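Me: I am a first-year student and would like to study one part of this model slowly. Please take me through it with care.

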Amino acid sequence: MSGPVGPRVVLATRNTHKLHELRRILDAADVGVQLISIADFPDLRDVVESGRTFAENALLKAGATAAATGLAAVADDSGISVDAMNGMPGVLSARWSGRHGDDTANLALLLAQLDQVPDGRRGAAFVCAAALVTPDGHKVVEEGRVTGHLVREPRGQGGFGYDPIFVPDGETRTTAEMSPAEKDAVSHRGRAFRALAPHLRSIA
């Protein structure tokens with residue numbers, strides 16, 4: 001929880017978009033913890049995301065952060081899986097263009113690679129694995145997934161990453177065109193962290 005109550009839990013990211021989004025999700029789920037980020041620990045080194053799956057990477061980040069800070073830590077690894085690209089970019093989503101976290105370049109490259117793919121074959125899914133690791137070694141991972149399709153031009157000013165080109169099934173808007181609450185209700189990250197909420201509540 002973003003208020004001044006409950007134990008501190010470290011989110012293993014420096015991404016302020018993710019921090020704000022996860023605070024919203026956990027606040028809405030009534031989880032009584034203070035979510036801070038590794039930006040509050042300037043000496044911490046970033047963890048190499050060497051896992052082959054979202055779950056492996058989430059556990060790597062949460063485990064290293066819990067060990068370094070002595071606090072319970074949460075981490076997520078998430079990305080987009082494109083049907084026409086055999087599930088890629090997958091775990092490489094954040095660095096698809098070669099530089100980690102360059103949303104504009106990643107989005108442009110993916111659209112270029114899909115340029116000749118017809119509209120009926122542009123299915124995709126956002127996938128998120130959310131992990132909690134406590135200092136005593138307890139570990140849990142939950143996964144969230146939302147399916148949809150990719151449009152040809154970015155739309156909307158909200159969200160981040162690949163949100164401007166992803167339209168969830170049953171929607172006509174991209175997730176970047178939704179309000180934060182609307183996006184949280186359907187997003188892969190919202191689903192994963194709502195599933196993780198009972199585990200976080202047990203340490204609050």
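To how many aromatic pairs does the count come? Please look closely at that part and at the strands around it.

Reply: This is a predicted model, in which local features need pLDDT of at least 70 and side-chain atom pairs count only at pLDDT 80 or more, while totals for chains, interfaces and linings use all residues. Residues are numbered from 1 along each chain as its sequence is written, and side-chain values use heavy atoms, with hydrogens and water left out.

The count comes to one aromatic pair, where rings of Phe, Tyr and Trp (its six-membered ring) pair if their centres lie within 6.5 Å, and planes under 30 degrees apart are stacked, over 60 edge-to-face and the rest tilted. The partners are F126 and F166, whose ring centres are 4.6 Å apart and whose planes stand at 50°, so the pair is tilted. Because F126 belongs to strand β4 (residues 123–133) and F166 to strand β6, the pair ties together parts that are 40 residues apart in sequence. Strands here are DSSP runs (E, at least two residues), numbered from the N terminus.

To see how β4 and β6 are connected through the sheet, we can turn to strand β5. β4 and β5 (residues 139–150) are antiparallel and joined by 11 bridges; two strands pair if DSSP finds at least two bridges between them. One of these bridges has G123 with H149 of β5 as its partner. β4 and β5 also make a hairpin, with five residues between them, and in its turn G137 has a positive phi of about 95°. On to the next strand, β5 pairs with β6, again in the antiparallel sense, over three bridges, and here H149 has V167 of β6 as its bridge partner. H149 is thus a bridge partner of G123 and also of V167.

These strands are part of an open sheet of six, in the order β2-β1-β3-β4-β5-β6, with mixed pairing. β2 (34–37) and β6 (166–168) stand at the edges with a single partner strand each, so one side of each is left without a neighbour in the sheet. From one strand to the next the twist averages 35°, an angle taken between the N-to-C directions of lines fitted to C-alpha atoms, on a scale from 0 to 180 degrees.

The mixed character shows when we go to another part of the sheet, where β1 (residues 8–11) and β3 (residues 72–82) run parallel and are joined by three bridges. In one of them, L11 has V74 of β3 as its partner.

Conventions:
Helix = DSSP H or I, 4+ residues; strand = E, 2+ residues; numbered from the N terminus.
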